[in-house]
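Please open the model in your viewer and keep the sequence panel beside it. The stops below say what to select next and what is to be found there.

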Amino acid sequence: LAQQGLNVLVPNAENYKALLLQPHGDIEVTSQGVRNRKQGLADKQYKKFIEMACETQADLVMTPEYSMPWGSLIDAIKAGNRPEEGKIWALGCESIKYSELVEIKDDISDIANVIFESLDIEDHRFLSPLVYLFNSATVDENSIKKPVLLVQFKTHPMGDPDHYEINGLQ
């Protein structure tokens with residue numbers, strides 16, 4: 001990512017802006033995964049947060065694990081709300097099934113590149129994804145800039161007495 005010229009990775013004395021969100025609300029934990037209990041409240045918070053990230057041109061934008069609703073993220077990308085060149089967003093998204101992530105990749109393939117590790121489809125399990133969102137040019141002769149969603153999956157479950165992630169995390 002340093003080769004992309006991300007401001008936060010340049011080793012110099014220049015300041016950069018960071019925007020972090022600690023959302024208000026409760027999470028819902030079921031066998032289907034972890035998400036916001038009140039989707040309307042979450043969508044409202046994240047829509048405003050993304051608007052603020054664009055307005056302030058923050059160099060680094062971050063959200064906690066399991067917090068960003070996928071619908072809010074995809075709506076923002078479709079509306080053209082995404083990081084400027086040299087900026088990166090690290091978004092802890094709500095859990096998702098692998099097959100649902102494949103659908104999102106196909107749905108936005110014309111406007112964004114979605115990259116993630118190939119896994120077996122285990123729809124009885126869920127993923128805990130961190131999405132790095134940034135802009136990058138294609139390597140072909142057209143050199144078209146598109147947003148990239150680089151999805152990193154959590155690989156080590158948290159230790160909880162009910163073994164929730166141990167039993168449910170893919």
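Begin by selecting valine 148, which, once residues up to four places away in sequence are set aside, touches Asn113, Ile115, Tyr132, Leu133, Phe134 and Ser136, where contact means heavy atoms within 4.5 Å. This is a predicted model, in which local features need pLDDT of at least 70 and side-chain atom pairs count only at pLDDT 80 or more, while totals for chains, interfaces and linings use all residues. Residues are numbered from 1 along each chain as its sequence is written, and side-chain values use heavy atoms, with hydrogens and water left out.

Valine 148 lies in strand S8; helices (H or I, at least four residues) and strands (E, at least two) are DSSP runs, numbered from the N terminus. With 7% relative accessibility, valine 148 counts as buried, since buried means under 20% relative accessible area, exposed over 50%, and partly exposed in between, for a 1.4 Å probe and protein chains only. If you also select aspartate 123, you will find it 25 residues from valine 148 in sequence and 25 Å from it in space, C-alpha to C-alpha.

Next, select helix H2, residues 70-78. Its buried residues are Trp70, Ser72, Leu73, Ile74, Ala76 and Ile77, and these pack against helix H1 (39-56), strand S4 (60-68), strand S5 (88-93), helix H3 (98-107), strand S7 (129-137) and strand S8 (145-153). Just after the helix, look for glycine 80, which follows H2 and has a positive phi, near 90°.

Keep H2 on display and add H3. The axes of H2 and H3 come within 12 Å and cross at roughly 10°, the axes being lines fitted to C-alpha atoms, for helices over the stretch in contact, with angles that run from 0 to 180 degrees between N-to-C directions. That crossing makes H2 roughly parallel to H3, because angles under 35 degrees count as roughly parallel, over 145 as roughly antiparallel, 65 to 115 as roughly perpendicular and the rest as oblique. On the H2 side the contact is made by Trp70, Ile74 and Lys78, and on the H3 side by Leu101, Ile104 and Asp107. These residues divide into four nonpolar, no polar and two charged, where Ala, Val, Leu, Ile, Met, Phe, Trp, Tyr, Cys and Pro count as nonpolar, Asp, Glu, Lys and Arg as charged, and the others, Gly among them, as polar. Within H3 itself, Tyr98, Ser99, Leu101 and Ile104 are buried, and the buried residues of H3 pack against H2 and S8.

Which residues line the largest pocket? Select Asp43, Lys47, Ile50, Glu51, Gly71, Ser72, Asp75, Ala76 and Asn81 to see its lining; H1 and H2 are the elements that give two or more residues to it. By class, this lining has two nonpolar, three polar and four charged residues.

Move on to glutamate 94, in the loop between S5 and H3. Is glutamate 94 buried or exposed? At 6% relative accessibility, glutamate 94 counts as buried. Leaving aside neighbours within four places in sequence, glutamate 94 is in contact with Val34, Arg35, Asn36, Gln39, Tyr66, Ser67, Met68, Pro69, Trp70 and Pro129. Tyrosine 132, by comparison, is 38 residues from glutamate 94 in sequence and 14 Å from it in space, C-alpha to C-alpha.

From that list of contacts, now select tyrosine 66, which sits in strand S4. Tyrosine 66 is buried, with a relative accessible area of 7%, and although it is not a glycine, its phi is positive, about 65°. Most residues other than glycine have a negative phi. Not counting residues up to four places away in sequence, tyrosine 66 touches Val34, Gly92, Cys93, Glu94, Ser95, Phe126, Ser128, Glu165 and Leu169. The C-alpha atoms of tyrosine 66 and valine 34 are separated by 6.2 Å, with their places 32 residues apart along the chain.

Finish with glutamine 57, in the loop between H1 and S4. Phi of glutamine 57 is positive too, near 55°, and this residue is partly exposed, with a relative accessible area of 43%. Add tyrosine 16, in the segment before strand S1 (18-20), and you will see two C-alpha atoms separated by 9.9 Å in residues 41 apart along the chain. Tyrosine 16 is in contact with Val8 and Asp59, leaving aside its neighbours within four places in sequence.

Methods. 1 Å grid on protein atoms, 1.4 Å probe; cavity = no way out; pocket = protein on both sides within 12 Å on 5 of 7 lines; lining within 4 Å.
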